[in-house]
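Biologist: Could you walk me through this one and tell me what stands behind each label you use?

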Amino acid sequence: METFCDVINIYVSRIFIMKTNKSDQAEPVSQFYTSHRLRLHYTDWGNEHKPVLILLHGGMDHARSWDWAARRLCNDFHVIAPDLRGHGDSSWAPGSMYSILDSVMDVTRMIEKLDTPSVSIIGHSYGGVVSLMYSGLYPDRVKNLALVEGIGAAPTRLEKIKKDPLWERVTEWIKITGKSEKRKPRHLGSIEEAVSRIKKAIPSLSDEKAMYLTSHGIKQNDDGTYNWKYDRLSSILSPIRFTDEEMKDIQKRISCPVLLLYGSNGWSGDPLEGNDTLFFQHAKSICIPDAGHWLHHDQLDLFIEIVKAFMNK
């Protein structure tokens with residue numbers, strides 16, 4: 001039976017061919033830090049003398065999902081891409097409900113370790129919500145904020161969530177968590193099965209990109225099967241909610257320019273259209289054509305062009 005290392009070695013030598021320009025040849029260095037007694041991981045793309053740019057991935061994803069974007073940005077920025085708790089090469093949180101505030105605390109600790117006065121942040125999906133919250137708590141530390149389909153649940157879903165009283169949300173969370181804890185992990189029988197699942201989630205991915213994401217997103221078990229590198233408990237929605245007034249106050253505190261990116265085939269639609277729950281001081285939205293929820297994969301060139309123009313203003 002071929003091992004995970006065998007498959008990855010074949011992949012590296014036969015499938016993934018690096019481009020020739022300097023930025024595409026860049027590779028990150030793994031770093032670790034501690035937050036809330038957890039050992040958490042981030043990738044550091046160098047250029048410490050450049051402005052710091054934090055890239056935050058979404059749920060059930062990992063830091064290396066940003067690699068193509070990071071290679072294009074690391075000549076202009078000191079790019080840092082963390083694995084959020086319960087994801088990638090970061091520790092899983094025992095007993096945690098994986099609330100947004102847990103991840104915000106982790107990002108805060110990481111930025112403290114970087115010892116930088118200010119950062120720019122790009123957050124995708126769940127990582128966008130974490131980015132938004134951090135920027136509202138520490139507005140003087142954030143120079144630019146780009147949210148990639150990352151302002152939270154759609155307004156229609158928010159309305160439904162608001163109707164559920166606290167006791168229903170908490171008891172439902174307890175029930176779902178208990179069921180998840182009892183459920184045996186579903187092992188993947190092969191690398192190919194994992195790749196096919198990623199391609200189903202992101203149909204635009206080429207075979208080589210799907211293999212690349214898979215190589216960084218799974219681990220091999222003793223019996224030769226595979227599992228994803230994320231804690232399934234991290235995908236269970238926390239019962240803790242902020243009130244409309246609290247979220248309004250958080251958003252109003254964000255003083256930096258805010259860019260809201262969404263895909264024409266994405267999950268959110270234009271976040272500024274008909275949405276009376278956003279109160280950013282300086283925000284604009286841009287639609288990425290022919291792109292879904294992972295628009296930084298679907299339209300990388302356009303994504304980089306827009307982000308660079310926004311960050312360099």
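Modeller: Happily, and axes come first: for helices they are lines fitted to C-alpha atoms over the stretch in contact, and angles run from 0 to 180 degrees between N-to-C directions. Helices (H or I, at least four residues) and strands (E, at least two) are DSSP runs, numbered from the N terminus. This is a predicted model, in which local features need pLDDT of at least 70 and side-chain atom pairs count only at pLDDT 80 or more, while totals for chains, interfaces and linings use all residues. Residues are numbered from 1 along each chain as its sequence is written, and side-chain values use heavy atoms, leaving out hydrogens and water.

Biologist: Why is α5 called roughly perpendicular to α10?

Modeller: Helix α10 covers residues 244-253, and α5 packs against it at an angle of about 70°, their axes being 7 Å apart. Angles of 65 to 115 degrees count as roughly perpendicular, so α5 and α10 earn that label.

Biologist: How do you know which residues make this contact?

Modeller: Contact means heavy atoms within 4.5 Å. Leu 132, Met 133, Gly 136 and Leu 137 of α5 meet Met 247, Ile 250, Gln 251 and Arg 253 of α10.

Biologist: What makes up that contact by class?

Modeller: There are 5 nonpolar, 2 polar and 1 charged residues between α5 and α10. Ala, Val, Leu, Ile, Met, Phe, Trp, Tyr, Cys and Pro count as nonpolar, Asp, Glu, Lys and Arg as charged, and the others, Gly among them, as polar.

Biologist: What angle do α4 and α5 make, and why is that called roughly perpendicular?

Modeller: Helix α4 (residues 100-114) packs on α5 (residues 126-137) at about 65°, with 9 Å between the axes, so they too are roughly perpendicular to each other. From α4 the contact includes Ile 100, Val 104, Val 107 and Ile 111, and from α5 it includes Tyr 126, Val 130, Met 133 and Leu 137. Its classes are 11 nonpolar, 2 polar and no charged residues.

Biologist: Is the crossing of α4 and α5 left-handed or right-handed?

Modeller: Right-handed: the near helix is turned clockwise from the far one by less than a right angle (anticlockwise would be left-handed).

Biologist: What about α8 and α9?

Modeller: Helix α8 (residues 191-201) and helix α9 (residues 207-217) pack at about 110°, with axes 9 Å apart, and are therefore roughly perpendicular. Their crossing is right-handed. Among the contact residues are Ile 191, Ala 194 and Lys 199 of α8 and Asp 207, Met 211 and Leu 213 of α9. This contact divides into 7 nonpolar, 1 polar and 2 charged residues.

Biologist: How many cavities are there, and what lines the largest?

Modeller: The search finds 3 of 30 Å³ or more; a cavity is a set of points on a 1 Å grid where a 1.4 Å probe fits but cannot get out, with lining residues having an atom within 4 Å of a point. The largest has a volume of about 40 Å³, the space filled by probe spheres set on its points. Ser 96, Met 97, Trp 173, Thr 177, Leu 233 and Ile 236 line the largest cavity, giving 4 nonpolar, 2 polar and no charged residues.

Key. 1 Å grid on protein atoms, 1.4 Å probe; cavity = no way out; pocket = protein on both sides within 12 Å on 5 of 7 lines; lining within 4 Å. Parallel < 35°, antiparallel > 145°, perpendicular 65-115°, else oblique.
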